[in-house]
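Thanks for coming. I will take a few minutes to walk through one structure, and I will keep to what can be read from the coordinates.

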Amino acid sequence: MHEYYTFLKIALAKELLRQGETVTATARNTGFANQAYFSAAFKRVMGITPKEYAGNKTTVAYSSKTTQQTNKELPNYLL
């Protein structure tokens, strides 16, 4: 359950970052305890840091390593 909730928060974070929100504000607005924890969770799920994601203008797929570890696929609305 915790992993799913983290995926939902990362999905929201991706949208906020695409809209130009700062990494610090995104961490705060998605309910992470601090920016360091948010960045670590984001990198674990996405394979890149939130700053790299925000600077990347193309669509970035989440880390295939995460899928292999959990042995399941995320719904499209979370990607």
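**Walking through the model**

Buried residues account for 38% of the 79 residues in this protein. Please keep in mind that what you see is a predicted model.

Start with the fold. The secondary structure comes to five helices and zero strands. Going along the sequence, you read the pattern α-α-α-α-α.

Now helix H1, which covers residues 2–18 and contains Leu-8. Leu-8 has a relative accessible area of 30%, so it is partly exposed. Together with Tyr-4 and Tyr-5, Leu-8 makes a nonpolar surface patch of about 290 Å².

Further along the helix there is a charged pair. How many salt bridges does a search of the whole structure find? The search finds one. That salt bridge is where the side chains of Glu-15 and Arg-18 meet, at 2.9 Å from N to O. The two residues are three apart in helix H1, so about one helical turn separates Glu-15 from Arg-18. As for their surroundings, Glu-15 is partly exposed at 35% relative accessibility. Arg-18 is also partly exposed, at 48% relative accessibility.

Next, helix H2, residues 23–29, where we find Thr-26. Is Thr-26 buried or exposed? Thr-26 counts as buried, because its relative accessibility is 0%. Its side chain has a polar contact: the side chain of Thr-26 reaches the backbone oxygen of Thr-22 at 2.7 Å.

After H2 comes a loop that leads to helix H3, residues 35–46, and Asn-34 is found in that loop. With a relative accessibility of 40%, Asn-34 counts as partly exposed. What does the side chain of Asn-34 reach? The side chain of Asn-34 reaches the backbone nitrogen of Ala-36, at 3.1 Å. You can also relate Asn-34 to Thr-24: they are 10 residues apart in sequence, and their C-alpha atoms are 8.1 Å apart in space.

That brings me to the aromatic residues. Which residues form one aromatic cluster? They are Phe-32, Tyr-37, Phe-38, Phe-42 and Tyr-53. Counting rings whose centres lie within 6.5 Å as pairs, the total is four aromatic pairs. In one of them, the rings of Phe-32 and Tyr-37 have their centres 5.7 Å apart and their planes at 50°, so this pair is tilted. For reference, planes under 30 degrees apart would count as stacked, and planes over 60 as edge-to-face.

The two partners in that pair have their own accessibility values. Phe-32 has a relative accessible area of 7%, so Phe-32 is buried. Tyr-37 has a relative accessible area of 39%, so Tyr-37 is partly exposed. The cut-offs behind those words are under 20% for buried and over 50% for exposed, with partly exposed in between.

Phe-32 has one further contact to point out. What sits over the ring of Phe-32? The charged end of Lys-9 does, 4.1 Å from the ring centre.

To recap, we have a predicted model with five helices and zero strands. On the charged side, there is one salt bridge, between Glu-15 and Arg-18. On the aromatic side, there is a cluster that includes Phe-32 and Tyr-37, with the charged end of Lys-9 over the ring of Phe-32. That is the end of the walk-through.

Note on methods: Residues numbered from 1 in each chain as written. Predicted model: local features only at pLDDT ≥ 70, side-chain atom pairs only at ≥ 80, totals over all residues. Heavy atoms only, no water. Patch = residues over 30% accessible without salt bridge, like charges linked within 9 Å, V, L, I, M, F, W, Y side chains within 5 Å. Areas by Shrake-Rupley, 256 points an atom, 1.4 Å probe, with all protein chains shown as cover. Salt bridge = Lys/Arg side-chain N within 4 Å of Asp/Glu carboxyl O. Helix = DSSP H or I, 4+ residues; strand = E, 2+ residues; numbered from the N terminus. Buried < 20%, exposed > 50% of the residue type's maximum accessible area, 1.4 Å probe, protein only. Phe/Tyr/Trp six-rings, centres within 6.5 Å; stacked < 30°, edge-to-face > 60°. Lys NZ or Arg CZ within 6 Å of the ring centre and 35° of its normal. Polar contact = N/O pair within 3.5 Å; in protein donor to acceptor, adjacent residues only side chain to side chain.
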